[in-house]
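Q: Could you walk me through this structure? I have not looked at it before.
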Amino acid sequence: MQRLSVIGTLIVVLIWGISSGVGAEDPEKQKVVIELDEYSYHPSKIVLKAGVETELVLINQGKYLHEFEASYLNELETIVEMKGGMVATLGMAEVEVLPKNRVTLLFTPEKTGTFEFSCFAKDPEAHHKTGMKGTLIVE
């Protein structure tokens, strides 16, 4: 009898989770996490779907300031969330991520194609020249 009660409870919880969307990813959003360190992005290639709201999380795991510069974002409405606040902007040239911190960019990609992103920080050496760049593909 006790076994049937446990199974019944599990079925109710499972049905509630499915009907409420718990654990289901929103098909109308895409999320990408990029880790920054000396001197690379992980992953260095990201693929996004045009027209789908995007959450791009930049996490600096390194000991130096790193940048995420993508000319692709220059003409897009972008929300930038960081420790202690957020900024909504039309066009964004670059974002600097302090060591052991994160910044989240919220935007909807529109134009399709292949684009570059890079870090032009110079301390202690030119990050871009050491290979700190990546590829953004919008399909």
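A: Certainly. The model is predicted. A useful place to begin is strand S7, residues 85-90: of its six residues, the number buried is zero, so the strand lies largely in the open.

Q: And which strand is joined to S7, and by how many bridges?
A: Strand S6, residues 77-82, is joined to S7 by six bridges, and the two run antiparallel. Within this pairing, Val80 stands opposite Val87 of S7.

Q: How many residues lie between S6 and S7 in the hairpin?
A: Two residues separate them. Gly84, in the turn, has a positive phi of about 90°.

Q: Let us turn to the interior. How many residues does the largest nonpolar core have?
A: That core has 28 residues. Those with the most contacts inside it are Ile34, Leu56, Leu58, Phe68, Leu73 and Leu105. Several strands each supply at least two residues of this core, among them S1 (29-37), S4 (53-60) and S9 (102-107).

Q: S3 next, please. Which of its side chains are buried?
A: The side chains alternate along S3: Ile46 and Leu48 point to one face and are buried, while Lys45 and Val47 point to the other and are not. S3 is also joined to S11 by four bridges, and these two strands run parallel. The bridge partner of Leu48 in S11 is Val138.

Q: How many aromatic pairs does the structure hold?
A: It holds four. In one of them, the rings of Phe68 and Phe117 have centres 4.9 Å apart and planes at 35°, so the pair is tilted. Phe68 belongs to strand S5 (residues 66-69) and Phe117 to strand S10, so the pair ties together parts that are 49 residues apart in sequence.

Q: Are Phe68 and Phe117 buried or exposed?
A: Both Phe68 and Phe117 are buried. Together with Tyr41 they form one aromatic cluster. Beyond its neighbours within four places in sequence, Phe68 is in contact with residues including Ile34, Tyr41, Leu73, Val95 and Phe117.

Q: What about the rings of Tyr72 and Phe115?
A: Their centres are 4.5 Å apart and their planes at 50°, so this pair is tilted. Tyr72 is buried, with a relative accessible area of 9%, and Phe115 is buried as well, at 16%.

Q: One last topic: with which side chains does the side chain of Ser40 make polar contacts?
A: The side chain of Ser40, a residue of strand S2 (residues 40-42), makes a polar contact with the side chain of Asp37 at 2.8 Å and another with the side chain of His42 at 2.9 Å. Leaving aside neighbours within four places in sequence, Ser40 is in contact with Glu35 and Met132.

Definitions and conventions: Residues numbered from 1 in each chain as written. Predicted model: local features only at pLDDT ≥ 70, side-chain atom pairs only at ≥ 80, totals over all residues. Heavy atoms only, no water. Polar contact = N/O pair within 3.5 Å; in protein donor to acceptor, adjacent residues only side chain to side chain. Contact = heavy atoms within 4.5 Å. Core = buried A, V, L, I, M, F, W, Y, C linked by side-chain atoms within 4.5 Å. Buried < 20%, exposed > 50% of the residue type's maximum accessible area, 1.4 Å probe, protein only. Pairing = 2+ DSSP bridges. Phe/Tyr/Trp six-rings, centres within 6.5 Å; stacked < 30°, edge-to-face > 60°.
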